[in-house]
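Morning, everyone. I have one structure to go through today, so please look at the display while I talk.

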Amino acid sequence: MHIPKEELKQIILDSEIVSLADYELSEKEAQRSNATIEDILIGNNLISEKYLVDILAKYLDIPAIDLSNEKISFKDIELLSESDAKKKNIIVFGREKQFLKVAMTDPLDLQAIEYVKTKTGRPLAIFMTSQDNIKKAWKRYKRDIGKEFHEIIKRNVEQTRGKKGDLAMIAQDLPIISIFDTILDYAIAHGSSDIHIEVFEKKVIVRFRVDGILHDIIELPLSVQLALIARIKILSNLQIDEHQKPQDGRFKFRTEDQAVSIRVSIMPTFHGEKAVMRILTGSSRPLSLSELGLSDHNLHRVEKNIKKTQGLILITGPTGSGKTTTLYSMLHLLNKPEVNICTIEDPIEYDISRINQTQVNSKSGITFAQGLKSFLRQNPNIIMVGEIRDKETLEMAIHASLTGHLVLSTLHTNNAALAIPRLINMGAEPFLIASTLNLIIAQRLVRKNCSKCLSSQKLDKDIIRTIKEQIKLNPFSKFTANIFDTAYTASGCKSCSNSGYHGQIGIYETLEITSSMKNLIIKKASGNEIKKLACEEGMTPMFEDGLEKIQTGQSTITEVFRSIRD
């Protein structure tokens with residue numbers, strides 16, 4: 001932002017949203033982490049990105065725009081090339097008489113404005129927007145993935161037909177590189193978390209996981225499978241001539257505007273090797289806990305417990321429920337100069353500045369338990385263990401919690417209450433669990449409604465009856481006399497690829513370990529008894545947290561039922 005530091009500081013302080021003390025602490029954190037003050041303030045939940053844009057736009061006397069509410073035609077957006085738009089951090093989103101409407105995060109970047117004027121030959125009407133808005137708008141360049149992808153793949157595949165020779169040489173051939181890069185480009189542009197390349201008897205199918213759901217993207221001829229898998233192996237430093245054993249690796253891939261880390265898993269199947277690639281996109285700032293979907297009630301509980309200097313905090317949920325993302329958001333809040341943070345992960349998903357991260361490596365004897373044991377000699381304040389999988393890791397986590405360390409970890413259980421019987425079944429003594437456990441967070445991910453095609457609809461009587469039956473299971477529910485018969489749904493539009501959904505959000509329940517809860521733990525109470533007491537003491541069950549998100553139009557009843565089914 002082309003605003004002097006002191007001027008920017010005064011603008012934000014004048015808003016009376018951020019205190020001088022919080023601002024000065026954020027300034028120090030920005031210098032230490034080489035981030036902008038804006039990113040630190042937003043990441044620490046001191047100010048929302050939308051509000052920051054609004055107050056800066058008002059100060060600069062430039063209109064603010066929320067691009068998610070704009071219908072952007074490809075005819076307008078293509079007036080500036082994708083590479084130029086990303087280079088100058090700008091987007092053309094419409095026309096107003098003879099003016100082109102452009103949105104920028106920094107409307108004082110006169111060099112970028114002059115560049116776009118020269119390129120388009122048109123005068124510009126300048127609007128201010130958020131970086132997140134700009135990035136989402138850039139996705140419009142990849143407007144017809146099916147048609148364009150098919151043409152590119154078909155053109156390149158024809159060049160590879162009939163080629164013979166060394167597999168490593170073919171994998172380095174230009175058409176295979178082009179095919180593979182195209183797959184990655186489109187996956188990243190459309191917010192995919194995973195790419196599946198699956199081989200069948202007569203074809204190869206490429207699928208993307210978007211917002212937790214797998215979608216078929218393209219079918220390729222069987223002839224490219226070996227070369228594609230070989231290309232992945234070369235990039236990941238895997239054995240290219242090994243076809244009978246699973247292999248795991250990692251590589252970096254650079255798009256025009258960012259570098260992403262790709263985690264690779266190769267698995268032999270009946271018709272050949274299948275590849276699954278997890279896309280780990282770095283972010284200019286971690287998501288805050290409220291952005292992840294934690295309600296004010298749950299957020300207060302989490303923030304209170306991560307301020308403690310010792311004890312154990314567990315996040316539970318199935319694979320793919322966002323546990324690691326929540327852990328990283330907590331670490332971001334805890335990452336201060338005065339503390340030493342160590343993590344043992346499998347694998348390391350994101351590199352975090354000033355945190356000592358170690359990856360599990362069975363060949364080198366680095367397990368979760370061994371890593372924890374070694375960390376205790378590294379004088380840590382906070383330890384993050386990727387997952388508690390066995391008795392040895394659990395015992396080490398409890399020992400670390402008892403000896404003055406705050407330990408964060410994950411566990412696979414269906415809800416928060418069941419985590420306690422699970423720990424006892426793993427061999428932990430109930431009195432040690434009661435002494436060390438501070439908080440249990442259970443979570444799931446649901447798809448968010450697309451804001452552009454959102455409308456209300458009357459719920460079916462059977463759905464209302466099912467909701468009431470679920471609510472009756474919690475005698476302390478605030479929804480008992482407040483059941484609703486209408487909800488929001490999204491019909492589908494170009495912006496969400498006609499799915500009705502765009503992005504994901506978490507639904508949560510947080511179980512605090514109170515003195516009465518400790519007594520239940522020592523008595524080896526059942527999960528149902530623990531849940532009953534937790535609800536008495538103010539826990540909002542995940543289902544009801546989901547109902548709140550339905551009421552506010554963030555998700556649908558279908559998504560909530562899908563995510564919480566056991």
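I will take the sheets, then one helix pair, then a few backbone details.

Before that, a caution: this is a predicted model.

Let me begin with the three-stranded sheet. It is open, its strand order is 1-2-3, and the pairing is mixed. Strand 1, residues 90-96, and strand 3 are the edge strands, each pairing on one side only. Neighbouring strands here are turned by 30 degrees against each other on average, direction ignored.

Two helices go with this sheet. Helix 7, residues 110-120, lies across strand 1, strand 2 and strand 3, and runs at about 140 degrees to strand 3. Helix 8, residues 131-138, packs on the sheet too, touching strand 1 and strand 2, and its direction makes about 80 degrees with that of strand 1.

Now the pairing of strand 2 with strand 3. Strand 2 covers residues 99-104; the two strands run parallel and are joined by 5 bridges. If you want to find the register on screen, A103 stands opposite F127 in strand 3, and M104 stands opposite M128 in that strand. As a general reminder, side chains in a regular strand alternate between the two faces of the sheet.

Strand 3 is an edge strand, so is it buried or exposed? Of the 5 residues in strand 3, residues 124-128, 4 are buried, so this strand is largely enclosed by the rest of the structure.

Next, the six-stranded sheet. This one is also open, with the order 6-5-4-9-8-7 and antiparallel pairing. At its edges are strand 6, 213-221, and strand 7, 247-254, each of which pairs on one side only. From one strand to the next the twist averages 20 degrees.

Within that sheet, strand 4, residues 192-199, and strand 5, residues 203-210, run antiparallel and are joined by 7 bridges. A pair to look for is H196, which stands opposite R207 in strand 5. Helix 12, residues 225-235, packs on the sheet and touches strand 4, strand 5, strand 6, strand 7, strand 8 and strand 9. The direction of helix 12 makes about 45 degrees with that of strand 9.

On to the helix pair. Helix 1, residues 5-14, packs with helix 4, residues 49-60, at an angle of about 115 degrees, and the axes are 10 Å apart. That makes helix 1 roughly perpendicular to helix 4. The crossing of these two helices is right-handed.

Which residues make the contact? From helix 1 they are E7, L8, I11 and I12, and from helix 4 they are L52, I55, L56 and Y59. By class, the contact has 7 nonpolar residues, no polar ones and 1 charged.

Last, the backbone. D346 and P347 are joined by a cis peptide bond, with omega about -5 degrees. P347 sits in the loop between strand 11, 341-345, and strand 12, 356-359.

R354 is in the loop between strand 11 and strand 12 as well. Its phi is near 70 degrees, a positive value in a residue other than glycine. R354 is partly exposed, at a relative accessible area of 48%.

The other positive phi I want to mention belongs to N89, also a residue other than glycine, at near 55 degrees. N89 lies in the loop between helix 6, 82-88, and strand 1.

That is what I have; questions are welcome.

Key. Residues numbered from 1 in each chain as written. Heavy atoms only, no water. Axes fitted to C-alpha atoms, helices over the stretch in contact; angles between N-to-C directions. Helix = DSSP H or I, 4+ residues; strand = E, 2+ residues; numbered from the N terminus. Parallel < 35°, antiparallel > 145°, perpendicular 65-115°, else oblique. Left-handed = near helix turned anticlockwise from the far one by under 90°. Contact = heavy atoms within 4.5 Å. Nonpolar A, V, L, I, M, F, W, Y, C, P; charged D, E, K, R; others polar. Buried < 20%, exposed > 50% of the residue type's maximum accessible area, 1.4 Å probe, protein only. Pairing = 2+ DSSP bridges.
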